[in-house]
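Subject: Structure for your files

Hello,

Here is the structure I promised to pass on. My notes on it follow below.

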Amino acid sequence: MNKTNNLTFECETGNYHTFCPISCVAWLYQKIEDSFFLVIGTKTCGYFLQNAMGVMIFAEPRYAMGELEEGDISAQLNDYDELKRLCIQIRRDRNPSAIFWIGTCTTEIIKMDLEGIAPKIESSIGIPIIVARANGLDYAFTQGEDTVLAALAQRCPSNDIDELKQKQGIAKLHSPLVLFGSLPEVVVKQISLELKRQNITIAGWLPSSQYISLPNIGNGSYVAGVNPFLSRTATVLMRRKKAKLISSPFPIGPDGTRLWIQKICDALQLDSIGLEQREMEVWEKLESYIRFLKGKSVFFMGDNLLEISLARFLIKCGMIVYEIGIPYMDKRYQAAELNLLIETCKEKKVLIPHIIEKPDNHSQIDRINDLKPDLVITGMAHANPLEARGINTKWSVEFTFAQIHGFANSKYILELVSKPLIRNTYYQQLGWKKYI
Amino acid sequence: MKLAYWMYAGPAHIGTLRIASSFVKVHAIMHAPLGDDYFNVMKSMLERERNFTPVTTSIVDRNVLSRGSQEKVINNIKQRDAEEKPDLIILTPTCTSSILQEDLQNFVIRAAQETSSDVLLADVNHYRINELQAADRTLKQIIEFYINKAKEKRTLNNIKTPYPSLNIIGAVSLGFHVQHDITELKKIFHDLNLHINLIVAEGISVRDLEKLPQAWFNFIPYREIGVLTAEYLRKELNMPYINTAPFGIIQTAECLREIATLINNLNSSTLVNYEDYIDVQTRFISQSAWFSRSIDCQNLIGKTAVVFGDATHSAAITKILAQELGIIVLWAGTYCQTDEAWFNEQVKDWCHQVIVNDNHGTIAKLIFEYKPDAIFGTQMERHIGKKLNIPCGVISSPVHIQNFPLGYRPFLGYEGSNQIIDLIYNSFTLGMEDHLLEMFEGHDPENIIINQSNITWSPEAQKELKQIPGFVREKIKMKIERFAEQKSIYEITPEIMYIAKENS
C-alpha cells in the first residue's frame, strides 16, 4: 500500500458496519440523571438498543421506544396526540426534568415534524422537550451524541459574560470556560482537577449530570470539545451562542492531553504550570506498554470517529498505523488533531497513514488479508471471523465506553490495545493459529 | 404509537436473516440505513461464528432518500454475486426501507438477469409480523422457489427412499439450543434406523432442496419455524409431517409412537415398533424418569412455578413440570400471540391459568403477584427473578451469550430430558438453599473481613467510593488505603483517590 508524507483522504462506498447513532441514548441517559430518552422509531430500533445495551436494559433505564405502528406510518393516527399521550405517561411514571426525543430514520422518511410538535407539547405538559435527529440516514454511532448535545446547547442560558460580570461584580482570573462532550463523572472530576492545577475553574459542562444545571454560554465564553465527533455541537456553540471555540487536539493520550490543556491556557491567557513535566511523568508510567507495542502494526476499520486521535497516540507510542478508517471526517473541527497527526508521523519518521472516509468493509478485509497487521481495531461483526483467521482484533466499541481521556487514563488505552497482543503470546504455545 | 422497553420477538428482517444465514452459500443484502446490520454482531457474538456473516447492507442514506436507490441495490447484488458466488441472494427490506416503497421486486428481477445466483425479495410485512413469523415465511418462500424451479427443470426427485426416512425442518441459526437439539435428534433417529434425508436449513445448500420429496415424511421439532413449510409440502407433494416435539420423557415417547404409526401407515410391509427402544431409553439411558421417582423429587412435589417463553418451549416445560415432576404450574404463558389456540390446547390441563402476552411489564406484575418458588422463562424473566429474589431457569429465547453454551446441552430427546431436569432441580434447590441460609441468618462475611486500618475517609471521598460498583469496591478501597499508607497519608480525599488510581 502506498503511503505519503501528506494527508490523503479517500472515500469508499460507505458499506461498513457501525452502531446506529441512537445508541447514544445508552450513555446519555446515564450521564444526564434527570432525563428521559424517548426513541421514536420502529421495532428495528428497539431491537438494536435492547441488544446493544446488554444488561443495562434490565436496570429499568430511563429510556423507552415510542414504537411506531402501522397507523402512525400511514398517518391514520395523529402524531401530536400520540406523542402527547406517551409523554404524559412518562411524566406520570418517571417525572423527569427533561424529555429527549430521538428522531430515527423512520421519522425522517415519514417527515414527522418533531421540532414543530415539541414546543406545543412542552408548553402543554410543562416539561422541556429536546429534539435530536440521531438517525442512520445521516449519522454514525457517536455522532448521535453530537446531535443531542447540539440540540441541548440551544437550551443553555446565554447571558452576555461581560454584562454578567458587571452586574454581579465578579472578578475572575480568566474568562468562563465550558467543556462539551459527555464523559463519566470520574473523568469529569479528573479533568477538573487537572485544570485546577493550572488555576482554571470550569464554568460548566455540556452535558452536566443534571439537565437543570445547564451551563451559561454566551458572548465571551470559551468552549472546548473533549471528543472528536462533536462538530455540530461546536458549530452551534460558535454560531448560535457566540462562544469562542478553542481548537486543539483532543485530550486522548498524554500528548493530546498536554496540548489540549496548553491551548486552553493560551486561550484564557494563563501561563501553564508544570505541564510538560506532568506529560513526561505520564509517559514514564507508560514505558512498559510502549516497549511492548513498539513496531507493531494497527489497522483501524473505522466506526466511532475516535480513530484519528487514537491513531495519533499509538503512532507516538511507536506503533505503525496502516489505515485509519473513519465514518466521517470534519477537517475543520479536527484540524488541530490532524496537524498533530502529521507532526507525530514526522517526529517518528513514519509515513502518514491513509485516512479512509466511509470505508467499505469488504475491501478493507481484502487489505487486511494483504497487510496482515498485528492488530485490527474493528466492530464485533468482524472480530470473531478475523480472530478465526489468525488476526488479532480489538473491539472498537470498548474505546467509546472505557475511560480514555486525560493524563490519568492514557494507560487504559494502551491496556486495551495490548490485551489481545499479550493474549496472543500465550496462545502461540498452542501452535494453532487459524480456526477455520 | 406504543411505549415499549423490551420485545420478546425481534423485527421481521431478523427472521429472514436467520433463515438466510442458516443455509450455506446464501447471501442476504439488507436494504437499510447505516447501523441496521446489527444481526451480524449478534451472529458473530452469540454463536461465536468463525465466518463472516453472509449479510451485507445496501445503505439507505440521504441520497437514496431523495433520489431512490436506483442502480445502487442492483450494483450491490451484482457485486456480491461476482465476489462470493452464492447460490441465492435474498434482498431483505427493513422497517425503514419498506416505507420508502421502492420497487424492490423490480430491482430483484433486473439483477437476476445479470447474476449467476438466484435472487429473491423477502416477502415479509414489517409492521404486521415478527421475527419468528418472518423466519417461518422466508423458509417456506425459499423452499417453494426451489421446488418450483426443480419442477420446471424436471429435476425434482419424487422417488421415496427404500427405507423409512425423514427431513428435519427448523434447524435455524440463533435458535435456542438448536444445534444441540439437532445432534440429539440425529442420534435418536440413527438408533431407530430412521434415515435422515435432509436437515433444513443449517449447513445445507439450496441446491439440495430438490431432494426433499425423497423423504417419507417431515419432522418439525418447533412450532415457530417450519410449520408453514411442512404445510406447503403436505399440500404440494403430499408429504405428511409430525409436529410433536420430543421434550421430556412422556412427550418423547408420544412423538416416537406418532412416527411409528405414520411409518406403518405409509408402508405396511415394513412394520416398525419402537416400544422396546422407548422402554430402555426411559428407564435406563435417560435418568429423568428415575429422578422423578427418587426421593429428591419428592421434595419438589407441591412447589409452585410459572413458565413463560415461546410457544414450543413454554408448553413443553409446563408439561414436564406438571406431568413428570408434580410441580404446580400457577400459570403458563407465551409471547407467541399468533399461536394462542395451539398453546392453550397444549397447557390448559397442566396449569391454573394460561397467559398470552408480549408485554414484559405485565409478566413481571404476574410473577410478583403469584410469587412462585421458581420461574422458567427468558432472559427477561431471569432478571425479574433477580429483582424479586426468585430463582429462574432460562428455557426460551430471547437469550444472552451464556445460553449458547459450549458443552452439549440439548433440550430435546432423552439427553434433553436429563438437561431439563438438572435445570429445574437446580433452580429449586438454589432457591431452597437461599431460604435456609436466611432462616439461619446467612453467611457472616463481617467475621471474615477484619478491618484494622487507621485511615479515615473524607465525606466527599466516601461519596466517591459509593460510586464504585459494589463487586469491586472493597478491593479498590484496600488498594487506595495501601497506597495512602505508603505515602503516610491518613485521610483519603477524592484527590488522593485519583492519584492512587493513576499510580496503581
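Strand E3 (residues 63-67) of chain A and strand E1 (residues 2-4) of chain B are joined by three bridges and run antiparallel. This is a predicted model, so please read the contact between the two chains in that light. In that pairing, Glu67(A) stands opposite Lys2(B).

E3(A) also has a partner within its own chain: strand E2 (residues 35-41) of chain A runs parallel to it, with five bridges between the two. There, Glu67(A) has Gly41(A) opposite it.

Is E3(A) covered on one face or on both? Both faces are covered, with Tyr63(A), Met65(A) and Glu67(A) buried on one side, and Ala64(A) and Gly66(A) buried on the other. In a regular strand, side chains point alternately to the two faces of the sheet. Counted along the strand, five of the five residues of E3(A) are buried.

Elsewhere in chain A there is an open sheet of six strands, paired in parallel, in the order E1-E12-E11-E10-E13-E14. Strand E1 (9-11) and strand E14 (393-395) of chain A are at the edges; each has a single partner strand, so one side of each has no neighbour in the sheet. From one strand to the next, the twist averages 20 degrees.

Inside this sheet, strand E11 (residues 320-326) and strand E12 (residues 354-357) of chain A make a parallel pair over four bridges. One of the bridge partnerships is between Ile326(A) and Glu357(A) in E12(A).

Two helices lie across strands of the sheet. Helix H13 (residues 307-316) of chain A crosses strand E10 (297-300), E11, E12 and strand E13 (375-378) of chain A, and its direction is at about 175 degrees to E11(A). Helix H16 (residues 380-388) of chain A lies across E13 and E14 of chain A, at about 155 degrees to E13(A).

Some overall figures for chain B:

- Chain B contains 21 helices and 16 strands.
- Its C-alpha trace spans about 90 × 65 × 40 Å along the principal axes.
- Of its 504 residues, 57% count as buried.
- Among contacts in chain B with a separation of 6 or more, 71% are between residues 24 or more positions apart.
- The exposed area of chain B is about 22500 Å², and carbon and sulfur atoms supply 50% of it.
- Chain B carries 49 positive and 60 negative side chains, and the centres of the two sets are 4 Å apart.

Regards

Key:
Residues numbered from 1 in each chain as written. Chains lettered and ligands numbered in written order. Predicted model: local features only at pLDDT ≥ 70, side-chain atom pairs only at ≥ 80, totals over all residues. Heavy atoms only, no water. Pairing = 2+ DSSP bridges. Axes fitted to C-alpha atoms, helices over the stretch in contact; angles between N-to-C directions. Contact = heavy atoms within 4.5 Å. Buried < 20%, exposed > 50% of the residue type's maximum accessible area, 1.4 Å probe, protein only. Areas by Shrake-Rupley, 256 points an atom, 1.4 Å probe, with all protein chains shown as cover. Lys, Arg positive; Asp, Glu negative; His and termini not counted. Charge placed at Lys NZ, Arg CZ, Asp CG, Glu CD.
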